[in-house]
Amino acid sequence: MPELEIVTSRPRARWTLPRWQTLGGTALSLGLLLLFNLVATPHFVSLQTLYVNLTQVTTIVIVAVGMTMVIATGGIDLSVGSLMAISGALAPLIFARGLLGVGPAPLADALAFLVPVLVAMLFGAFNGWLVARFRIQPIVATLVLFIAGRGIAQVMTNGNLQAFHNDAFHVLGLGRVLGVPVQVWLMAAIVGVATWVVGRTLYGRQLLAVGGNEAAARLAGLPVGRIKILVYAVSGLLSGIAGLIVIAINSSSDANLVGLGMELDAIAAVAVGGTALTGGRASIVGTLLGALIIQLLRYTLLSHGIPDAAALVVKAAVILAAVYVQQVRRAP
Amino acid sequence: MTDDILLSMTGIAKSFSGVAALKEASLTVARGEVLALIGQNGAGKSTLIKVLTGALMRDRGIVRFEGAPVAFRTPHEAQAGGIATIYQEINLVPLRSVAENIFLGREPRRWGLIDWRRMHSQAAELLAQFDVHVDVRQPLGQFNTATQQMVAIARALDQQARLVVMDEPTSSLDDREVALLFDVIRSLKARGIGVIFVSHRLDELYAVCDRVTVMRDGMTVADQPMASIGKLELVAAMLGRSLEEVRAFGATGFDEDVPARAAKLLEVSGLRSAPRVASVDLDVHAGEIVGLAGLLGSGRTETARVIFGADRAQAGTIRIGGDEVRFAGVADAIRAGLGFCSEDRKTEGIVPDMSVRDNLTLALMPQLTRHGVIDQARQRAIVDRLIQRLGIRLASPDQKIRELSGGNQQKVLLARWLCLAPKLLILDEPTRGIDVAAKAEIQGLIRELARDGLGVLMISSELEELTEGCHRVSVLRDGRSVAAFDHAQASEHAIMTAMAHGPVEPAVSHAGA
């Protein structure tokens, strides 16, 4: 057995691309896509275009960062879209209807940001608890809230669209700092912190160890259960933030629509970004690039008059191609 | 030799992106001959076998099978051509029945449907030839490795194989099962079927092989009748060293005295953990290597896991340094100064995609952090020191651990515990599947560590390792401690008798009882 491994792994060592090159592949695709647009898309080079694209991609990136970490442990989180809906439904209830007994005031605004995010995090922790404590397969465990979560959001709002005007949320949705949209700053900060956590902290290393070989991690004394619960909680927290951004942009909250299909967009971004769905690896920057590719692809198709429906097919083709490339690279 | 030659491979060369794995390899097998193929890790045995079985294409060289030149392009072609390969990790379908596995793809049919009755009776018949009597309707996965191997062999024979290649078939078998496998090999031989037998265990080669081919650095360096070559010469040929050097390597000689009764590190009594551990008594002193012997399924690994806090004990006591402990989990055991290297490096040891550096410090890492952030300078210093101390051969500590050889992976796993400065190390088959040189190094290292005061509990299936590498040997049988020997009493015969039959006369009291 070990014999077999050595003989094959020697040549394989030469075939495996170093990590920057793997990332380089994703970056190259993004570059080509940009180049194509520079040449073929009219009015592509404008701040307007940049901000449209960035604004649309922010929520995907934020959720996909959490998803990358969950996937690195060998899990998956299907509940992210529903958790966005819960957080999105909760915020207007707090600042507009005084759900927590405080009327429109700075305190209510602060609670309207904090409480939904914390609630989403707790739901995420619940996912993690199911996975860690009862060893339920992550796809099944998070399916629970995927289904129930949106229901909870709809019950909270009676299924009604909640339109609102709130200055604090207006800033989050449409404000700019140094000319750059606020949510883009937020996204950049989250990507930066997550990259640092995965690369430099104890938690990041333990995350990868659990995903890379759970039995080995257990025998090395790692608190596997706690690590997993935390990672789902982080995913929930990031979903909560993404939910707030969505309602802030729209100045309204619709429990039926907030975060709909987000889980698949996020998983797609992770896959295109080069993080193996089998766990043990996490490339946050790859995920960022993956999300940008998917977004830019959709923009390119739309700006060339190809309908959104067809764009979905192209999106699927890109995911398939990305996963295929990974498979080829990993084959012995 | 004569026209009895079944297979001849000559001048085989194979390179992987410019690196030669095989340079000038050759090999012949006669009908009814059992050929031992040996060599260190990386010598090219596996590559040669893959070339033979069509898993790899050769760059140069001639392969003749039954007199005609052949070039199999896929393992399937080789199988159809009469060459069957039995891997240690069996490539059958564990959830399907034994009979289905034997006839997979060639099920006997009747009116277009599978003729289950005929399939079951034929399968039972085939297996009966090897003295294997099992319910062939049960899923294959329920049976032990030995039975699964027999099923693989039966499948090969039913496909009219004329040559059977066995790649380390015995590494997960216990002695009884090995004996059974050897009987099967002898019966293959009697039918004129050629066998290529790859193994790291020299004793086995002498038991069953007619001739031996030794490979080193991609070349065939020796080809002799088994009877005409001694063990030491074999080792020398594999290592490319002179006989004197091999002797100096310490193939024998463990004349260290049992350390003057130092503090009792570990004391286990009446340990029970159903279903495998019934009643185990053990003790280990500081600076002592205690061997834990027993057949597969005797509860050795399970005992180790309970001591390490990975599984729960239902009864009995464990004392560490005199104080009774009840570990709630592995983390508690580690805090108490224990370390445990699992027998299965691949599934329970390494994190394959992580760097050597992170793998080595996996258990230590919490102590290397400041506010949750890893102190990389300190990590690097510790890793570098251990790599040097243990002689781990690698390109860079940032290399992924899966790219290392088995022996070096094992050293990294040892280092994972050593950097915690443990008091007691539990090693489960620390030298399994590792080439001769690395094995000697690891054994030497374990001794050195013990000399420095570390207590070692070593599970091993190799009698030589137990008789020569341990201060004391404790024997388990069906989950019970049945005997304990001092170094002087621990003969291979005594240990085997205890493993097979239980306590021996004169009755030896349990260690620590």
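Here are a few worked exercises on this predicted model.

**Exercise 1. Find out which stretches of chain B have pLDDT below 50, and how far to trust the model as a whole.**

Solution. Start with the overall scores: ipTM is 0.82 and pTM is 0.73. Next, look at chain B, where the average pLDDT is 84 and 90% of the residues reach at least 70. Now hunt for the weak spots. Residues 249-253 of chain B have pLDDT below 50, and this stretch makes six contacts in the model beyond near neighbours in sequence. Residues 504-513 of chain B also stay under 50, with 21 contacts beyond four places in sequence. Last step: don't read predicted coordinates in detail where pLDDT is low.

**Exercise 2. Work out how chain B is split into domains.**

Solution. Take the domain assignment and go through it piece by piece. Domain 1 covers 5-248. Domain 2 comes in two segments, 262-337 and 423-513, while domain 3 runs over 349-421. Then check the spacing: 34 Å separates the C-alpha centres of domain 1 and domain 2 of chain B.

**Exercise 3. Describe the makeup of chain A, then the packing of helices α8 and α13 in it.**

Solution. First, the inventory: chain A contains 14 helices and four strands. Of its 332 residues, 47% are buried. Now filter the contacts in chain A to residues at least 6 apart in sequence; 77% of these join residues at least 24 apart.

Zoom in on the helix pair. Helix α8 (residues 182-200) and helix α13 (residues 284-303) of chain A have axes 9 Å apart and pack at an angle of about 145°. Who touches whom? On the α8(A) side you'll find Val191(A), Ala194(A), Thr195(A) and Val198(A), which meet Ile284(A), Val285(A) and Leu288(A) of α13(A). Sort these by class and you get six nonpolar residues, one polar and no charged ones.

**Exercise 4. Locate the largest nonpolar core and say what feeds into it.**

Solution. The largest nonpolar core counts 166 residues, and those with the most contacts inside it include Val63(A), Ala64(A), Ile426(B) and Val456(B). Helix α11 (residues 224-250) of chain A gives the largest share, 17 residues. From chain B, domain 2 and domain 3 each put in at least three residues. A separate core of 73 residues lies apart from this one, with Leu37(B), Val98(B), Val184(B) and Ala236(B) among its members.

To get a feel for one member, follow Ala64(A). Skipping its neighbours within four places in sequence, Ala64(A) contacts Ala266(A), Ala269(A), Val270(A), Thr287(A) and Ala291(A).

**Exercise 5. Decide whether Asn158(A), His371(B) and Gly444(B) are exposed or partly exposed.**

Solution. Use the cut-off: a residue with 12 or fewer C-beta neighbours within 10 Å is exposed, and one with 20 or more is buried.

- Asn158(A) has 8 such neighbours, so it counts as exposed. Asn158(A) sits in the loop between α6 (138-157) and β1 (162-163) of chain A, and its phi is positive, near 55°, though it isn't a glycine.
- His371(B) has 6 neighbours inside 10 Å and therefore counts as exposed. The loop between β19 (369-370) and β20 (373-374) of chain B holds His371(B), another non-glycine residue with a positive phi, near 50°.
- Gly444(B) has 14 neighbours inside 10 Å, so it is partly exposed. Gly444(B) belongs to helix α16 (residues 436-451) of chain B.

Notes: Residues numbered from 1 in each chain as written. Chains lettered and ligands numbered in written order. Predicted model: local features only at pLDDT ≥ 70, side-chain atom pairs only at ≥ 80, totals over all residues. pLDDT = per-residue confidence, 0-100. Contact = placed C-beta atoms within 7 Å. Helix = DSSP H or I, 4+ residues; strand = E, 2+ residues; numbered from the N terminus. Domains from an automatic or database assignment. Axes fitted to C-alpha atoms, helices over the stretch in contact; angles between N-to-C directions. Nonpolar A, V, L, I, M, F, W, Y, C, P; charged D, E, K, R; others polar. Core = buried A, V, L, I, M, F, W, Y, C linked by C-beta atoms within 7 Å.
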